[in-house]
Amino acid sequence: MPRKPTPDMQKWCVDEKGQPRINKGAENVCVDESEICFIDGFHSKLYYRGYSIEDLAQHSTFEETAYLLWFGKLPTRNELKEFDQKLRDNRELPEAAYDVIREIPKDTHPMEALRTATSFVGNLDPEKQKLGIEYVPSKAISLTAKLPTIVAALARVKDGKEPVKPRSDLSHASNFLYMLHGEEPSEEWTRSMDLSLVLYAEHEMNASAFSTVVVGSTLSDYYSAIVGGIGALRGPLHGGANEEAVKQFNEIGSLDNVDKWYQENILSGKRRVMGAGHRVYKSYDPRARIFREHAKRFAETSGIPEVKKLYDIAFRLEELVMGQLCETRGICTNVDYWSGIVYYAMNIPIEQYTPIFAIARIAGWTAHLLEYVSRNRIVRPRLYYKGMLDLEYTLVDKRG
Ligand code: CMC
């Protein structure tokens, strides 16, 4: 006789009253202990390895932050020099990778192209068979150094231009902008890019970090784990939101139209503000505050009317979000709200914003992989089954 499973057949998913106990979206589920990152979502605080994001944003660099995240301490001057040199030495791609980059259809989104190119670079690693956690740091240095080269080459080829080869006399951020634009960036642009990489480097057990950890927990290889992270980051609810936020400001089009747009699209419940809301922050995202200052500076000093217009639209929309959604429901603007305006001011195409997020977040993905797999247990959650059991199987010819 067909039947439904009784609650005691899946008691791990059932509460004391026999009702399904489900954390949809794994909300507030703690999958491990960690020493990497702490988010105090009610007090707008974020720490990497105990250091506040404000201090890191002011004093650190991406290179130093990656070291901190992976090795658990701030490097000495010599340690940082050695680490930085390794990154510089690993920037170049094998020629075969440029060939693959040229073959990717031009209408492919850069995040999808990044997924493909990253996977291919993994295929070219002469030590790809070495899967153990002890090999992750050297592979991570190599791939972290190469991601900017891949992203810049993909962007240029998509634009009908030749890739620009990396230079080893520039910092991680400066070299990326150099490869993207084909000319050495100003100090101001380098600092803004570097700052954005620090802000995006890590954020606890978010969807892409979890994807990386899930793949890593099967003792699969480093590249597969990172490709998993890239795939998760691409979506508009996660990293893809930084592109969607700027598209939304462009769609609003003028300062005069913000209130009307907000009423028609957000108050009506038809759409979400892109770059607002967060599973963990129920107050202002501290990274958004830092990005906002930089967006303001660019709006005031870049002399580009389009940047000022986007900033003004974003500013007014944020006033509405903060006064209503944030105040009453904890839906406040997040990191992805302001970052795009900073990139826009640096003449970076909108579809490159999420790839830049990936260039930074590989630091966090790697840190979580190292930590989780060092005391590994395969990730294997359960689902509450609400279907039928013992249905009678009917041969295909006898089905109505
Ligand atoms: N605008 C308007 N309403 C919102 C928004 C928003 N941005 N975000 C959530 N809500 C509402 C949502 O409609 C729902 O309302 P109701 O209860 O009436 O159905 C309620 O808030 C709860 O939404 P949820 O989807 O259950 O919340 P969540 O914690 O699962 O989702 C989120 C978090 C970030 C996916 C969501 O806030 C969102 O879609 N935001 C827009 C996309 C975005 O900015 N993503 C970037 C996140 S931060 C950086 C990163 O991780 O990449």
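How many residues apart in helix α2 are Y67 and F71? In this predicted model, the two residues lie 4 residues apart in helix α2, which covers residues 62–71, so about one helical turn separates Y67 from F71. An α-helix has 3.6 residues a turn, so residues three or four places apart point the same way.

The overall architecture provides the setting for this pair. The secondary structure of the protein consists of 16 helices and 3 strands. A compact globule of 400 residues would be expected to have a radius of gyration near 21 Å, and the 23 Å computed for the protein agrees with that expectation. The C-alpha trace extends over about 75 × 55 × 50 Å along its principal axes. Of the 400 residues, 49% are buried. Among contacts with a separation of 6 or more, 75% are accounted for by residues 24 or more positions apart. The accessible surface of the protein amounts to about 19,900 Å², and carbon and sulfur atoms contribute 52% of this area.

Aromatic contacts were then examined. A search of the whole structure returned 13 aromatic pairs. One of these is formed by Y67 and F71, whose rings are tilted, with 4.7 Å from centre to centre and 55° between the planes. The tilted label follows because the angle of 55° falls between the limits of 30 degrees for stacked and 60 for edge-to-face planes. Y67 is buried, with a relative accessible area of 9%, whereas F71 is partly exposed at 39% relative accessibility. F71 also forms an aromatic pair with F83, and this pair is edge-to-face, with 6.2 Å between the centres and 90° between the planes. Because F71 belongs to helix α2 and F83 to helix α3 (residues 77–89), the pair ties together parts that are 12 residues apart in sequence. F83 is buried, its relative accessible area being 4%. F71 therefore takes part in a pair with Y67 and in a pair with F83 that links α2 to α3.

Elsewhere in the protein, one aromatic cluster is formed by F249, Y311, F315, Y337 and W338. Aromatic rings also lie beneath charged groups. The charged end of R297 sits over the ring of F298 at 5.0 Å from the ring centre, and that of R399 sits over the ring of Y393 at 5.4 Å from the centre.

The strands form an open sheet of 3 strands in the order β1-β2-β3, with antiparallel pairing. Its edge strands are β1 (37–40) and β3 (51–52), each of which pairs on one side only. Strands β1 and β2 are joined in the antiparallel sense over 4 bridges, and I39 stands opposite L46 in β2. These two strands form a hairpin with 4 residues between them, and S44 in the turn has a positive phi of about 55°. The pairing of β2 (residues 45–48) with β3 is likewise antiparallel and runs over 2 bridges, with Y47 opposite S52 in β3. In the hairpin of β2 and β3, 2 residues lie between the strands, and R49 adopts a positive phi near 50°.

The side chains of β2 alternate along the strand: L46 and Y48 point to one face and are buried, while K45 and Y47 point to the other face and are not buried. Thus L46, the residue facing I39 across the β1-β2 pairing, lies on the buried face of β2. Y47, the residue facing S52, points to the other face.

Burial was also examined in helix α9 (residues 207–217), where S208, A209, T212, V213, G216 and S217 are buried. The elements covering the buried residues of α9 include α10 (222–233) and α16 (353–374). Just after α9, L219 takes a positive phi of about 65°.

Methods: Residues numbered from 1 in each chain as written. Predicted model: local features only at pLDDT ≥ 70, side-chain atom pairs only at ≥ 80, totals over all residues. Heavy atoms only, no water. Phe/Tyr/Trp six-rings, centres within 6.5 Å; stacked < 30°, edge-to-face > 60°. Buried < 20%, exposed > 50% of the residue type's maximum accessible area, 1.4 Å probe, protein only. Lys NZ or Arg CZ within 6 Å of the ring centre and 35° of its normal. Rg over C-alpha atoms; globule rule 2.2 N^0.38 Å. Contact = heavy atoms within 4.5 Å. Areas by Shrake-Rupley, 256 points an atom, 1.4 Å probe, with all protein chains shown as cover. Pairing = 2+ DSSP bridges.
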